Amino acid sequence: MIIDHVITSRRIFRQLINSFGDGNTKLIRVTCPREILQAREAARRNRCPGPAQASDEYLFPKDGYDLTVDTHAMSASECAKRIFQCVFPEAPEDQASCYKR
């Protein structure tokens, strides 16, 4: 299961983690520099300015992730490959390429 959401409180974080039981949960942070985040938000034109900065400011937890990928420093394909390798560490290296466009 993938949850694509900005978690902003310990309470919500604990509820999510507890709901997964003893499964093999991986915490992956997808990030980029704040100024890039704000520029992307403005370019979308369907967003009010501010939520990107607030999301970055109030993100919980701030650390302790199994993997962090920077969408400004890395291509989308490289981010996807690193996430795949984190989630499926036993998979052969070439299987990650199956998911490229």
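This passage walks through the fold, a helix pair, the aromatic pairs, the nonpolar core and one strand residue of a predicted model.

The overall layout is a good place to begin. The protein contains four helices and two strands, and along the sequence these elements follow the pattern α-β-α-α-β-α. Taken along the principal axes, the C-alpha atoms fill a box of roughly 40 × 35 × 20 Å. Of the 101 residues, 17% count as buried. Contacts can also be sorted by how far apart the partners sit in the sequence: among those between residues at least 6 apart, 53% join residues at least 24 apart.

Two of the helices meet in the model. Helix α2 covers residues 34-44 and helix α3 covers residues 51-58; their axes come within 8 Å and cross at roughly 145°. The crossing of α2 past α3 is right-handed. On the α2 side, the contact is made by Arg 34, Leu 37, Gln 38 and Glu 41, while α3 contributes Pro 51, Ala 52, Gln 53, Asp 56 and Glu 57. Sorted by class, the residues of this contact are three nonpolar, two polar and four charged.

Attention now turns to the aromatic rings. A pair of such rings is described by the distance of the centres and the angle of the planes. A search of the whole structure finds two aromatic pairs. One of them joins Phe 13 and Phe 60, whose ring centres are 5.7 Å apart; their planes stand at 75°, over the 60 degrees that marks an edge-to-face pair, so this pair is edge-to-face. Phe 13 belongs to helix α1 (residues 10-19), whereas Phe 60 lies in the loop between α3 and β2, so the pair ties together parts that are 47 residues apart in sequence. The two partners can be compared with the cut-off for burial, which is under 20% relative accessible area. Phe 13 counts as buried because its relative accessibility is 10%, and Phe 60, at 22%, counts as partly exposed.

The other pair is formed by Phe 84 and Phe 88. Their ring centres lie 5.0 Å apart and their planes are at 45°, so the pair is tilted. Here too one partner is buried and the other partly exposed: Phe 84 has a relative accessibility of 12% and counts as buried, while Phe 88, at 45%, counts as partly exposed.

What makes up the largest nonpolar core? This core has five residues, namely Leu 67, Val 69, Met 74, Cys 79 and Cys 86. Strand β2 and helix α4 (76-87) are the elements that give two or more residues to this core. For Cys 86, the contacts beyond four places in sequence are with Lys 26, Ile 28, Asp 66 and Leu 67. Among these partners, Leu 67 is itself a member of the core.

The last stop is Asp 70, a residue of strand β2. Is Asp 70 buried or partly exposed? Its relative accessible area is 23%, so Asp 70 is partly exposed. Setting aside neighbours within four places in sequence, Asp 70 is in contact with Thr 31, Cys 32, Pro 33 and Cys 79. One of these partners, Pro 33, is 37 residues away from Asp 70 in sequence, yet the C-alpha atoms of the two are 8.1 Å apart in space. Another partner, Cys 79, also appears in the largest nonpolar core.

Methods. Residues are numbered from 1 along each chain as its sequence is written. This is a predicted model: local features need pLDDT of at least 70, side-chain atom pairs count only at pLDDT 80 or more; totals for chains, interfaces and linings use all residues. Side-chain values use heavy atoms; hydrogens and water are left out. Axes are lines fitted to C-alpha atoms, for helices over the stretch in contact, and angles run from 0 to 180 degrees between N-to-C directions. A crossing is left-handed if the near helix is turned anticlockwise from the far one by less than a right angle, and right-handed if clockwise. Contact means heavy atoms within 4.5 Å. Ala, Val, Leu, Ile, Met, Phe, Trp, Tyr, Cys and Pro count as nonpolar, Asp, Glu, Lys and Arg as charged, and the others, Gly among them, as polar. Rings of Phe, Tyr and Trp (its six-membered ring) pair if their centres lie within 6.5 Å; planes under 30 degrees apart count as stacked, over 60 as edge-to-face and the rest as tilted. Buried means under 20% relative accessible area, exposed over 50%, partly exposed in between (1.4 Å probe, protein chains only). A nonpolar core is a set of buried Ala, Val, Leu, Ile, Met, Phe, Trp, Tyr and Cys residues joined through side-chain atoms within 4.5 Å.
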